[in-house]
Amino acid sequence: MAKKRAEKRKKSKKTAGKADPTETMVAALAHEIKNPLNSMMGASQYIYNKYSNKKDIKEFIKIIIDEIERLDRYLNEFLSFSRGITLNLKESDIINFLTGVIMLTKHSFPCEIKIIKLKEDIPVVYIDHEKVVQVMINLLSNSKDAVKETPSPSVDILVDYNKNFLYITVRDNGHGIDSSDIKKVFDPFFTNKNEGIGIGLTVCKSIVKKHGGKITASSIKGKGSEFKFSISRKAVAKRHA
Ligand SMILES: Nc1ncnc2c1ncn2[C@@H]1O[C@H](COP(=O)(O)OP(=O)(O)O)[C@@H](O)[C@H]1O
Ligand SMILES: [Mg+2]
């Protein structure tokens, strides 16, 4: 088992190429933690089923299972951050794409998410669907958290473009961000949430950068926030087309 893992580590080192050493280390560590977690999950589920008639045992095992699941979620976020980002670009109608993203998230959302086109004839762009879905889900999930206490929550997606870029903005009327925090929101591990890890926006930033764009945040405390990112219409598309 240990030998297998060591071999795996060796292999992943070889294939890592020129990846950032910190990213490689995070990925290796996350994988090492994932294996024992899987065994713990299997064992916990076995006990949970075996003692299904013992209320107190079930209650405690359920706590273990929930916590293992939480750790697993954390690890997946770390892995998505550390995975060297190689894009798999596809020509995309962005309105269709965003409609699909809304379908994915709407069941857990407190309000309808509207798509607002700021111009007609939105051009096609070349994006890596899976990666940009991740950006959208991270932004929408932050908006969802931010509007929790808003009496009439609203979250919109605005689409705009110019000669060189397509722009997507996620706008919410949530609690907003302190002006002293706005510069830090893209920093790794910056979070204001009890259960947060502060890596969602860091992941967004690196994915957007790979698409030849930028992401910016603006906010008025108590009124809401806007996260706007661009996708290059030319450079990246040409290189990968
Ligand atoms: N839409 C938003 N409204 C208010 N604050 C936000 C919003 N998006 C991000 N933030 C702030 O930025 C921090 C970092 O976000 P993120 O990187 O996604 O990490 P996490 O969601 O785990 O805290 C959040 O903890 C929050 O303080
Ligand atoms: Mg987040």
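This is a short tour of one chain and its ligand, stop by stop.

**The whole chain**

Start with everything shown. The model is predicted. Colour the chain by secondary structure: seven helices and seven strands appear. Follow the chain along its sequence and the pattern reads α-α-α-β-α-β-β-α-β-β-α-β-β-α. The chain has 241 residues, and 22% of them are buried. Now consider contacts with a separation of 6 or more: 69% of them join residues 24 or more positions apart.

**The sheet**

Select the strands β2, β4, β5, β7 and β6. In that order they make an open sheet of five strands, with mixed pairing. Which strands stand at the edges? They are β2 and β6 (215-220). Each has a single partner strand, so one side of each is left without a neighbour in the sheet. Turn the view to see the twist, which averages 20° from one strand to the next. Strands of a sheet pair through backbone hydrogen bonds, either parallel or antiparallel. This sheet is mixed, so take its pairs one by one.

- Select β2 with β4 (residues 155-161). They pair in the parallel sense over five bridges. Pick I115 and look across to β4: I157 stands opposite.
- Select β5 with β7. These two run antiparallel, joined by eight bridges. R171 stands opposite E226 in β7.
- Select β6 with β7. Six bridges join this antiparallel pair. I215 has F229 in β7 as its bridge partner.

Stay with β6 and β7 for one more look. They form a hairpin, with three residues between the strands. Select G222 in the turn: its phi is positive, about 85°.

**Helix α5, across the sheet**

Add α5, residues 129-146. This helix lies across β2, β4, β5 and β7 (224-232). Compare its direction with β5: the helix runs at about 25° to that strand. Keep α5 on screen, as it returns at the ligand.

**Helix α4, two sides**

Select α4, residues 94-105. The helix has 12 residues and reaches 17 Å from its first C-alpha to its last. That is close to the 16 Å expected at 1.5 Å a residue. Which residues of α4 are buried? Pick I94, L98 and V101. Look down the axis of α4: the buried residues fall within an arc of 55°, so they line one face of the helix. Now show the other side, where N96, G100 and M103 are exposed. Return to the buried residues and see what covers them. The cover includes β1 (90-92), β2, β3, α5, β4 and β5.

**Residues brought together across the sequence**

Go to Y126 in strand β3. Is Y126 buried or exposed? It counts as buried, because 21 C-beta neighbours lie inside 10 Å and the cut-off is 20 or more. Add K234 to the selection. Y126 and K234 are 108 residues apart along the chain, yet their C-alpha atoms are separated by 8.8 Å.

Next, find E77 in helix α3 (residues 55-82). E77 is partly exposed, with 18 other C-beta atoms within 10 Å. Show I197 and I199 as well: E77 touches both, not counting residues up to four places away in sequence. Draw a line from the C-alpha of E77 to that of I199, and it spans 7.3 Å. Along the chain, E77 and I199 are 122 residues apart.

**Ligand 1**

Select ligand 1 and the residues around it. The ligand is surrounded by 22 residues. Which are the closest? They are N142, A146, T191, G196 and G200. Two elements, α5 and α6, give two or more residues to this shell. The most comes from α5, with four residues.

**Two unusual backbone angles**

Most residues other than glycine have a negative phi. The last two stops depart from that.

Select D121 in the loop between β2 (113-117) and β3 (125-127). D121 is not a glycine, but its phi is positive, about 50°. This residue is exposed, with 6 other C-beta atoms within 10 Å.

Finish at F189, in the loop between β5 (165-172) and α6 (200-210). F189 is not a glycine either, and its phi is positive at about 70°. F189 is exposed, with 10 other C-beta atoms within 10 Å.

Key
Residues are numbered from 1 along each chain as its sequence is written. Chains are lettered from A and ligands numbered from 1 in the order in which they are written. This is a predicted model: local features need pLDDT of at least 70, side-chain atom pairs count only at pLDDT 80 or more; totals for chains, interfaces and linings use all residues. A residue is buried if 20 or more other C-beta atoms lie within 10 Å of its own, exposed if 12 or fewer, and partly exposed in between; C-beta atoms are placed from the backbone. Two residues are in contact if their C-beta atoms, placed from the backbone, lie within 7 Å. Two strands pair if DSSP finds at least two bridges between them. Axes are lines fitted to C-alpha atoms, for helices over the stretch in contact, and angles run from 0 to 180 degrees between N-to-C directions. The expected span of a helix is 1.5 Å times one less than its number of residues. The arc is that of the directions from the helix axis to the C-beta atoms. A residue is near a molecule or strand if its C-beta atom, placed from the backbone, lies within 6 Å of it.
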